[in-house]
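Student: Hi! I have a protein open on my screen and I'd like some help finding my way around. Can we go through it together?

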Amino acid sequence: MNISAFDVLDTDALIVVDPQNDFCEGGALAVSGGAGIMPLLNAIAARFKTVIVSQDWHTPDQISFASNHEGGVPFTQIEVAYGPQMLWPDHCVQGTSGADFHPDVAPAIQRAAAIIRKGANPAVDSYSAFFENDHQTSTGLSGLLRGLGIKRVFICGLAYDYCVRYSAEDAVREGFDAVVIEDACRAIAPETAQAARDSFAALGVTRL
């Protein structure tokens, strides 16, 4: 299905997930093709009255950084207090250029009603724009959207198989209709991208 098939309503919001330098080519956790979606994010954002942007905002001692675990290896999984946690290269550290929004997405950022910073607690990683990875600590996004009268969210950005996926899943659990704009996302790996699609099918997330 194409986004042109949808009438964008005042009760719709666009959530642009983590369009940051570290997730684009040359960044610490680059997603292939990440920079290339920025013009599309701008074009989509121009259609929405309400735009929300999320931003990874880690401290150097973030629990998900492999560098903070003796013998830790990026892209392997460990167990922490809230369950399984993937280890990542250090990325999107507060105040660094890697945490900055990609310059090509500036028009979408300028339209944002709010920027939701996530992952600032060093003891808990955060993929979703709605909840940290303990699935209990809210970012406040649900309340913001309800206060704005939003009923359906369109989600795009980086990366499809982690932060976009978790955001879409939590949107449904929070009572919103969720639509993922796949052309405006990029994934880390084919296997986890397929897992995201399977999850979307199970939860009733619409894929464009």
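Tutor: Happy to! Let's begin with a term: a cavity is a set of grid points where a 1.4 Å probe fits but cannot get out. Please keep in mind that this is a predicted model.

Student: OK, so what is the volume of the largest cavity here?

Tutor: The largest cavity has a volume of about 100 Å³. The structure holds one cavity of 30 Å³ or more.

Student: Which residues lie nearest its centre?

Tutor: Those are Phe23, Leu29, Trp88, Tyr162 and Cys163, out of 14 residues that line the largest cavity. That lining divides into nine nonpolar, three polar and two charged residues.

Student: What about the largest pocket, how much space lies in there?

Tutor: About 220 Å³. The largest pocket is lined by 13 residues, and nearest its centre lie Gln77, Pro84, Tyr127, Tyr162 and Tyr166. You have met Tyr162 already, among the residues nearest the centre of the largest cavity.

Student: Which element gives the most to that pocket lining?

Tutor: That would be α4, with four residues. Both β4 (83-86) and α4 (160-173) supply at least two residues each. By type, the lining of the largest pocket has six nonpolar, five polar and two charged residues.

Student: Switching topic: which residues of helix α1 are buried?

Tutor: In α1, which covers residues 38-45, the buried ones are Met38, Leu41, Asn42, Ile44 and Ala45. Looking down the axis of α1, you find these buried residues within an arc of 165°, so they line one face of the helix.

Student: And what do they pack against?

Tutor: The buried residues of α1 pack against β1 (12-17), β2 (50-56), α2 (106-110), β6 (152-158) and β7 (177-186).

Student: Which residues have the most contacts inside the largest nonpolar core?

Tutor: Leu14, Ile15, Leu145 and Val153 do, in a core of 61 residues. Take leucine 14: beyond its neighbours within four places in sequence, its contacts include Ile44 and Ala45, two of the buried residues of α1. Leucine 14 is also in contact with Phe48, Thr50, Val51, Ile52, Phe154, Cys156 and Ile181.

Student: I just clicked on glutamate 132. Is it buried or exposed?

Tutor: Glutamate 132 has a relative accessible area of 11%, so it is buried, as buried means under 20%. You can find glutamate 132 in the loop between β5 (112-118) and α3 (141-147).

Student: What is it in contact with?

Tutor: Setting aside neighbours within four places in sequence, glutamate 132 is in contact with Gly119, Asn121, Val124, Asp125, Ser126 and Thr137.

Student: Which residue in the loop between β5 and α3 has a positive phi?

Tutor: Histidine 135 sits in that loop, and its phi is positive, about 65°, although it is not a glycine. Histidine 135 is partly exposed, at 48% relative accessible area.

Student: What about cysteine 92, where is that found?

Tutor: Cysteine 92 is in the loop between β4 and α2. Its phi is positive too, about 50°, and cysteine 92 is not a glycine either. With 0% relative accessibility, cysteine 92 counts as buried.

Student: Last one! Is the peptide bond from leucine 158 to alanine 159 cis or trans?

Tutor: The bond from leucine 158 to alanine 159 is cis, with omega near -10°. Look for alanine 159 in the loop between β6 and α4.

How values were computed. Residues numbered from 1 in each chain as written. Predicted model: local features only at pLDDT ≥ 70, side-chain atom pairs only at ≥ 80, totals over all residues. Heavy atoms only, no water. Buried < 20%, exposed > 50% of the residue type's maximum accessible area, 1.4 Å probe, protein only. Arc of directions from axis to C-beta. Contact = heavy atoms within 4.5 Å. 1 Å grid on protein atoms, 1.4 Å probe; cavity = no way out; pocket = protein on both sides within 12 Å on 5 of 7 lines; lining within 4 Å. Points joined across faces, edges and corners; volume = space filled by probe spheres on them. Nonpolar A, V, L, I, M, F, W, Y, C, P; charged D, E, K, R; others polar. Core = buried A, V, L, I, M, F, W, Y, C linked by side-chain atoms within 4.5 Å.
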